[in-house]
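This note is offered as a colleague's reading of the structure shown below. Please keep the structure open while working through the numbered points.

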Amino acid sequence: MSLIHFPADAPIDEVAGCVRENGYAIVDRLASNETMDQIERDLEPYTRTIGYGTDSFLGKLTKRTGGLIARSPKVRELIMDDLVLGTTGQILSHTTTFQLHLTQVVELHPGSPAQKIHQDELVWDMYPFPPEYDVQCNPLWAMTDYTEEMGATRIVPGSQRLGRGAKFTIEDTLPAVMDRGSVLIYTGKIYHGSGENKSDKIRKALNLTYSVGWVRQEENQYLACPQDLARTLPDDAILIAHRDHAQAVTF
């Protein structure tokens with residue numbers, strides 16, 4: 001059994017429908033190799049100097065680098081991708097606004113063990129969001145090829161309906177194997193975790209996630225994106241039209 005993939009030109013309704021039904025969708029090669037090459041060049045001065053995680057959940061052989069709006073123009077383009085924003089707008093359509101929640105490069109180095117299977121929405125201190133209420137939509141872009149040997153993110157399909165406290169092992173999951181430039185879009189309710197990196201390569205991903213507008217961001221964009229830079233962002237970084245109404249996207 002493998003996870004569900006869509007081509008880069010797939011209709012937004014189909015991708016969003018898959019995320020709603022299964023908790024995730026993979027869109028193949030949505031970004032070019034050239035885009036990923038430029039992002040790597042932009043971020044290398046920061047990823048090179050960042051330290052590893054300090055506990056087993058963050059990963060003692062995993063590096064996480066944030067503040068990407070200020071550090072890479074190409075990252076800003078991915079954040080404004082039409083398919084990703086359209087899908088996010090449908091998944092979070094129960095809210096009048098959604099916002100950029102977190103920007104992060106995740107580098108899984110050789111030897112890094114598999115992560116505990118978890119839900120991302122637990123970041124809000126275990127708050128019991130209703131089962132039907134999605135608080136976030138999480139695109140995870142592959143900066144390198146995503147193979148099972150390299151520790152591809154692992155998913156429990158359909159687990160977004162199980163609520164808090166479900167327990168899974170790695171054997172219950174499927175790897176999100178995908179090519180560089182592809183994107184895994186999943187909800188904050190689905191159970192997932194990084195796999196074990198058994199290779200001699202670094203598995204890299206861009207975690208560019210969105211949340212409903214009324215919750216606190218995991219990465220405070222008012223601090224991460226300097227005011228002078230924010231003034232230069234295009235108008236469509238502030239207001240995005242979804243379906244019949246306008247939804248403000250706050251950066």
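1. The model is predicted. The second largest pocket is a suitable place to begin. Its lining is made up of 15 residues, and those nearest the centre are Lys 116, Ile 117, His 118, Ala 166 and Lys 167. The volume of this second largest pocket is about 270 Å³. Sorted by class, its lining contains eight nonpolar, five polar and two charged residues.

2. The largest pocket holds about 640 Å³ of space. Its lining comprises 34 residues, with Phe 57, Arg 64, Gln 115, His 118 and Asp 120 nearest the centre. His 118 therefore deserves attention in both lists: it is among the residues nearest the centre of the largest pocket and also among those nearest the centre of the second largest pocket.

3. What is the chemical make-up of the lining of the largest pocket, by nonpolar, polar and charged residues? There are eleven nonpolar residues, 17 polar residues and six charged residues in this lining.

4. Several strands contribute to the lining of the largest pocket. Strands E3 (62-66), E4 (97-108), E5 (136-142), E9 (192-193) and E10 (203-212) each provide at least two of its residues. The largest share belongs to E4, which gives five residues.

5. Strand E4 merits a closer look. Of its twelve residues, eleven are buried, so the strand is largely enclosed by the rest of the structure. Buried here refers to a relative accessible area under 20%.

6. Which strands pair with E4? Strand E3 pairs with E4 in the antiparallel sense over five bridges, and Arg 64 has Val 106 of E4 as its bridge partner. Arg 64 is also one of the residues nearest the centre of the largest pocket. Strand E10 pairs with E4 as well, again in the antiparallel sense, over ten bridges. Within that pairing, Gln 99 has Ser 211 of E10 as its bridge partner. In general, the strands of a sheet pair through backbone hydrogen bonds, in either a parallel or an antiparallel manner.

7. An open sheet of three strands should also be noted. Its order is E7-E6-E9, and the pairing is antiparallel. Strands E7 (174-175) and E9 are the edge strands, each pairing on one side only. Strand E6 (residues 154-155) is joined to E7 by two bridges in the antiparallel sense, with Leu 174 of E7 as the bridge partner of Ile 155. Strand E9 also supplies at least two residues to the lining of the largest pocket.

Key:
Residues are numbered from 1 along each chain as its sequence is written. This is a predicted model: local features need pLDDT of at least 70, side-chain atom pairs count only at pLDDT 80 or more; totals for chains, interfaces and linings use all residues. Side-chain values use heavy atoms; hydrogens and water are left out. On a 1 Å grid over the protein atoms alone, a cavity is a set of points where a 1.4 Å probe fits but cannot get out, and a pocket is an open set with protein on both sides within 12 Å along at least five of seven lines; lining residues have an atom within 4 Å of a point. Grid points are joined across faces, edges and corners, and a volume is the space filled by probe spheres set on the points. Helices (H or I, at least four residues) and strands (E, at least two) are DSSP runs, numbered from the N terminus. Ala, Val, Leu, Ile, Met, Phe, Trp, Tyr, Cys and Pro count as nonpolar, Asp, Glu, Lys and Arg as charged, and the others, Gly among them, as polar. Two strands pair if DSSP finds at least two bridges between them. Buried means under 20% relative accessible area, exposed over 50%, partly exposed in between (1.4 Å probe, protein chains only).
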